[in-house]
Structures are given as C-alpha cells and as structure tokens.
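Student: I'd like to see how the labels on a structure follow from its values. Could we go through a few together?
Tutor: Happy to; here is the structure.
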Amino acid sequence: MGLSGRLLTALCTVVILCIGLHDCRPERGYPRSCGEKQLCCPGQNNTCYAFGPRVDRSEDSDRCYCDSNCLIMGDCCMDYAHVCKAQDCSVDTWGPWSKCSNPCGFGKRLRYRAVRMYPENGGRHCPMLKQRRACVGFEEEQCAQQSLEFQAEELQERAHILPLELGVYRTMKKYDPWKGILKNLYDRYFNEIFTRATYCGHFKVLKTNAHCLNSEWAKDLRVNSTVCVECQPVAMNREIGMRCMGHGVSSHVTTWKAVDVAKCHGQWELTDQHLPCTCHPEHQPSFIFL
C-alpha cells in the first residue's frame, strides 16, 4: 500500500472514531451555550445540551447541559444561571378553616392555599398546600336529630366505671400518661392529636344486683337513683369518635359494670345530652368512665 493509501486509511479511522465516540469538536457556528441554543429544560433531559464550557470549566469541546438536573450533576453550561434563572414556588396566604366535618362529635377542619407560580429551573419546591386540625362539633339541633341507626354501636356498648375520686390521679403529674418519651409523639403529631374537654352524663339507674352492696362506692348505684358520670380526656378513645366507651344514648337503656366489684353490673338510662361539664359528688353519686 502506498503513502496515499495509508493516509486515506488513517483519515477514515479518525472519522470512524469521531462518529463512534461523539467526541469531536463541533462545527463552527454550532450553539455553544444555553443562550445561543435558546434552551432551558425542566428536570432531567439528556437532549437539552450545547457544546461549550461547563461551570466546572471543563474543556470547551465537552457537552454542557441546560436542564435543571445539571445543577445536581455539575455539568451546566457557563451561562445557565444567567439564562435559566431559578424560580421558586410562590403560594397564596391560607384560606379560612372549614366547618367541623362531624357536626356532632369528632371530626376535622381543613384549610388550603393555592399556588401562584410553580418552580422552574431548579427553584424551591412548593410548601404544604393543605392543613388539617382536629375538632369536636356540637350543633345542638343536629345532635338531637341523630338517628338511632347512627348510634347503634353506642347502644351495644357497656360502660366500665369507677368512683369519681379516683379521677384525681389522672390530673397528677406523677401519673400523667402524656409525659416522658410519649410527649415526643404528641408533639410530632400536634396537628392531629388533641384533647377534648371533659363532658358528663346523668343516668337513672334502672337495674342493679345484690353484689353491688359489697362495695362502699358501688352501693350508691341503687335502682331509681340518679348518678353523674364524667368522661375525662385520658379515657377518651379516638377510634370511636374521641369519646368514652359506653357513654350512653339519650333516653335509651344501656348497661354498666362496676370495674373492681365482682358481679356488680346493671342497666341505666341517659337522661340528657352529653355536654361539657363536671360532676359534683356533694350533690349526687359521681363516677368516671374508663
């Protein structure tokens, strides 16, 4: 093979390598920056590039990118920050809180805010757009009109009670169930966990048995007597509507059990609606729900 043949072979090899490796310098006039190519792409886009110097000042023959992912990869074109300015998300102020989702019991309130401008070119993401907080609804008319079908579960529940004086331990720091390591849990979910005010109900005892006479406190649960029972925050069960188990249904018969008195149980009737209140043992026998 002559000299001209060897030169031709070498030239062809260079061309093949150049095409295969995509590492040749661009032709004159090819866009060498985001501004020249008029490119600004969101997210990751491998086709959004030009040939020119990068921010890290690599060789000007390398590809540089104009997508927002180049901020992470460090291969942006030199003029990216100027041409593709980052735009942070912008939001409106919070709207008003909605009404309690449950007009007669445990529910939630919601509020929203809208996005004014979405982020572009690596700008900050949008903050939270929805908030919620717990609530207890009490609209007297709707509570009074609730159907028994809605309260069927409550009619089947049995109240477990203890004397009112034992409830004082629930307010003592020594016995506080929300202290110590559990406090971190409540602080973390402060937007969802709340304390409902103590409420009470007045019951007319309809049925009891002789075993209750064996207890100093349970003997006050006499037939035809009226007693007061408190539902304190510590005893409230969120899963059943932030209330006490077995708290009764107005004007209907439910059952009760004296917790630490063997075979002491009976029936009673709630004579009023559940309202925020406390019992007064000096006026009538008083108890607490567990």
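Student: What makes the contact between the side chains of arginine 116 and aspartate 92 a salt bridge?
Tutor: Keep in mind that this is a predicted model. The N to O distance for arginine 116 and aspartate 92 is 2.4 Å, and the cut-off is within 4 Å, so the pair qualifies. Arginine 116 sits in strand β5 and aspartate 92 in the loop between β3 and β4, 24 residues apart.

Student: Why is arginine 116 called exposed?
Tutor: Its relative accessible area is 57%, and exposed means over 50%, so the label fits.

Student: Why does aspartate 92 count as partly exposed?
Tutor: Aspartate 92 has 29% relative accessibility. Buried would need under 20% and exposed over 50%, so aspartate 92 falls in between.

Student: What makes arginine 243 and glutamate 157 a salt bridge?
Tutor: Their side chains meet at 2.8 Å, N to O, which is within 4 Å, so the definition is met. Arginine 243 is buried, as is glutamate 157. The two are 86 residues apart, with arginine 243 in the loop between β9 and β10 and glutamate 157 in the loop between α6 and β7.

Student: How do you know that glutamate 216 and lysine 219 form a salt bridge?
Tutor: The N to O value is 3.4 Å, again within 4 Å, so this pair counts too. Glutamate 216 is exposed at 65%, whereas lysine 219 is partly exposed at 34%.

Student: How many salt bridges does the structure hold?
Tutor: Four, including the ones we discussed.

Definitions and conventions
Residues numbered from 1 in each chain as written. Predicted model: local features only at pLDDT ≥ 70, side-chain atom pairs only at ≥ 80, totals over all residues. Heavy atoms only, no water. Helix = DSSP H or I, 4+ residues; strand = E, 2+ residues; numbered from the N terminus. Buried < 20%, exposed > 50% of the residue type's maximum accessible area, 1.4 Å probe, protein only.
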